[in-house]
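Here is a short report on one protein model. Keep the sequence and the 3D view open as you read.

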Amino acid sequence: AAPRLIRPLPYSPPAPSARVALTWRWRPLLLGGAFALWAWAAWFMFTARAVTLTTTPAEATLRVDHGFAPHVGRHWLLRPGTHRVQAHAPGHAPLIDELRIGDDAQQAHTLTLARLPGHLRLRLAPDNVEGEASVDGHAAGAVPGVLRDVAAGARTVEIHVSRYRPWSTTVEVEGKGIEQTLDVVLQPAWADYKLASQPEDA
């Protein structure tokens with residue numbers, strides 16, 4: 001049999017894939033974006049101020065309405081200017097305030113939330129009488145009963161019942177929707193008199 005000849009074939013290099021071309025095309029944009037992000041972060045760190053925000057009560061949650069406001073615990077990084085701050089805590093009215101950040105490198109601000117009103121249950125002795133109560137000089141309702149929505153803090157409570165001496169005391173109202181009980185012992189405004197005469201049957 002005649003020998004078989006092996007003939008060389010012409011070599012053609014593979015065409016570059018579209019994926020490789022796409023990667024090289026976007027690489028300058030990716031590098032530019034990364035550099036811009038790094039430059040912005042450096043600018044923010046250089047211009048921001050270290051701000052410590054404390055609250056009363058301490059367990060209140062804080063929120064700073066700002067596009068970028070990093071924080072760890074109560075320590076925030078905020079740029080100078082006015083920032084809207086919100087604070088919330090159980091038993092307290094929500095706090096929404098404007099916080100002014102100055103140029104000092106380190107700053108501290110305290111936010112105090114107002115306690116919600118409380119309730120006072122007044123019980124009278126003797127228990128078969130009725131009267132009117134006032135708080136800090138303002139009519140508060142009939143007693144015995146519950147005086148609702150009494151502002152938290154030290155309050156002067158007065159009770160007036162017909163034929164009994166006026167009763168007054170200072171109460172520290174806890175607020176936060178808590179109901180407290182106050183027992184009131186009234187003193188009569190009358191007395192028993194015994195008259196003696198001479199002669200006895202006069």
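## Around Gln107

Gln107 touches Arg49, Ala50, Val51, Thr52, Arg100, Ile101 and Gly102, leaving out residues up to four places away in sequence. The model is a predicted one. Find Gln107 in strand E7, which covers residues 106-112.

Is Gln107 buried or exposed? Its relative accessible area is 13%, under the 20% cut-off, so Gln107 counts as buried. The side chain of Gln107 also has a polar atom 2.9 Å from the backbone oxygen of Asp104.

## The whole protein

Now step back. The protein has 1 helix and 14 strands. It has 202 residues, and 27% of them are buried. Its accessible surface comes to about 14,800 Å². Carbon and sulfur atoms hold 58% of that surface.

How much of the contact count comes from residues 24 or more positions apart? Among contacts with a separation of 6 or more, such residues account for 51%.

## Strand E1 and its partners

Four of the contacts of Gln107 are worth a second look: Arg49, Ala50, Val51 and Thr52. These residues belong to strand E1, residues 49-56. In a regular strand the side chains alternate between the two faces of the sheet. Strand E1 shows this alternation. Arg49, Val51, Leu53 and Thr55 point to one face and are buried. Ala50, Thr52, Thr54 and Thr56 point to the other face and are not buried.

Which way do the partners of E1 run? E1 and E7 run parallel, joined by 7 bridges. In that pair, Thr54 has Thr110 of E7 as its bridge partner. E1 and strand E4, residues 75-78, pair in the antiparallel sense over 4 bridges. Here Ala50 stands opposite Leu77 in E4. Strands of a sheet pair through backbone hydrogen bonds, either parallel or antiparallel.

## A sheet of three strands

Look next at an open sheet of 3 strands. Its order is E2-E5-E6, and the pairing is antiparallel. Which strands stand at the edges? They are E2 (61-65) and E6 (95-101). Each has a single partner strand, so one side of each is left without a neighbour in the sheet. On average, neighbouring strands of this sheet are turned by 30° against each other, direction ignored.

E2 is joined to strand E5, residues 81-88, by 5 bridges. These two strands run antiparallel. Thr61 stands opposite His88 in E5.

## A sheet of four strands

Another open sheet has 4 strands, in the order E10-E9-E12-E13. Its pairing is antiparallel. Strands E10 (138-143) and E13 (167-173) are at the edges. Each of them has a single partner strand, so one side of each lacks a neighbour in the sheet. Neighbouring strands here are turned by 30° against each other on average, direction ignored.

Follow the pairs through this sheet. Strand E9 (residues 131-135) and strand E12 (residues 153-160) run antiparallel, joined by 4 bridges. Val135 stands opposite Val157 in E12. Glu132 stands opposite His160 in E12. E12 and E13 pair in the antiparallel sense over 7 bridges. Ile159 stands opposite Trp167 in E13. How many residues lie between E12 and E13 in their hairpin? There are 6. Arg163, in the turn, has a positive phi of about 75°.

## Two nonpolar cores

Ile159 turns up again inside the protein. The largest nonpolar core has 19 residues. Leu120, Leu122, Leu124, Leu147, Ile159, Val161 and Leu186 touch the most other members. Which elements give two or more residues to this core? They are strand E8 (118-125), E9, strand E11 (145-150), E12, E13 and strand E14 (179-185).

Val161 is in contact with Leu124, Val129, Glu130, Gly131 and Leu186, leaving aside neighbours within four places in sequence. A second, separate core has 16 residues. Its members include Leu53, Val64, Ala89 and Leu95. Leu53 is also one of the buried residues on strand E1.

Conventions. Residues are numbered from 1 along each chain as its sequence is written. This is a predicted model: local features need pLDDT of at least 70, side-chain atom pairs count only at pLDDT 80 or more; totals for chains, interfaces and linings use all residues. Side-chain values use heavy atoms; hydrogens and water are left out. Buried means under 20% relative accessible area, exposed over 50%, partly exposed in between (1.4 Å probe, protein chains only). Contact means heavy atoms within 4.5 Å. Accessible areas come from the Shrake-Rupley method with a 1.4 Å probe; for residues, only the protein chains shown count as cover. A polar contact is a pair of N or O atoms within 3.5 Å; within protein, one must be able to donate a hydrogen and the other to accept it, and residues adjacent in sequence count only if both atoms are side-chain atoms. Two strands pair if DSSP finds at least two bridges between them. Axes are lines fitted to C-alpha atoms, for helices over the stretch in contact, and angles run from 0 to 180 degrees between N-to-C directions. A nonpolar core is a set of buried Ala, Val, Leu, Ile, Met, Phe, Trp, Tyr and Cys residues joined through side-chain atoms within 4.5 Å.
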